[in-house]
Amino acid sequence: MGVRGELFTTQVILDNRSYFFNVKENRTGDVFLQVVESKNRNGEDFDRHAIVIFAEDMQKFCKGLDTSLQFIEKDRKERIKKEEERKNAAAAAAANKKIYRKKSETQSRTESVKRTGRIHIVSKRPTEN
């Protein structure tokens, strides 16, 4: 047995946080998991928060954690699907817009072009010379 009853320890390091997963044994011989979050505070001190899960409660804890992880994964997939649908709808809407083009040289010179803002309207009336 290690220092302070530690049987096993592993660490996960993130940006400004570290998580420690410590398997420990107390004085009465009970084995438990201690999860500690250590957060850097202003570069000089650390906030430490710990939770303890005893061996007899581990199955219920893991079941709750697994249910939460499944929800997170399902929600993530739904968000990705909605974002793809939104992008596809925007692309379809852009494809359905009417595109106005300038009068080409192949059109007859009898048609005149009336300019109203950015939209070009082609008139079919013959122009008078």
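**Exercise 1.** Place Ser-38 in the secondary structure, then state whether Ser-38 is buried or exposed.

*Solution.* Ser-38 belongs to strand β3; strands (E, at least two residues) and helices (H or I, at least four) are DSSP runs numbered from the N terminus. The model is predicted: local features need pLDDT of at least 70, side-chain atom pairs count only at pLDDT 80 or more, and totals for chains, interfaces and linings use all residues. Residues are numbered from 1 along each chain as its sequence is written, and side-chain values use heavy atoms, without hydrogens and water. With a relative accessible area of 9%, Ser-38 is buried (buried: under 20%; exposed: over 50%; partly exposed: in between; 1.4 Å probe, protein chains only). Beyond its neighbours within four places in sequence, Ser-38 has contacts that include Asn-16, Phe-20 and Phe-46 (contact: heavy atoms within 4.5 Å).

**Exercise 2.** Find the aromatic pair in the whole structure and describe its setting.

*Solution.* The search returns one aromatic pair. Phe-32 and Phe-54 form this pair, which is tilted, at 5.4 Å centre to centre and 50 degrees between the planes (rings of Phe, Tyr and Trp, the last by its six-membered ring, pair with centres within 6.5 Å; planes under 30 degrees apart are stacked, over 60 edge-to-face, the rest tilted). Phe-32 lies in strand β3 (residues 31–41) and Phe-54 in strand β4 (residues 45–54), so the pair ties together parts 22 residues apart in sequence. Phe-32 counts as buried at 12% relative accessibility, while Phe-54 counts as partly exposed at 31%.

**Exercise 3.** Locate Ile-51 and classify its accessibility.

*Solution.* Ile-51 is in strand β4. Its relative accessible area is 42%, so Ile-51 is partly exposed.
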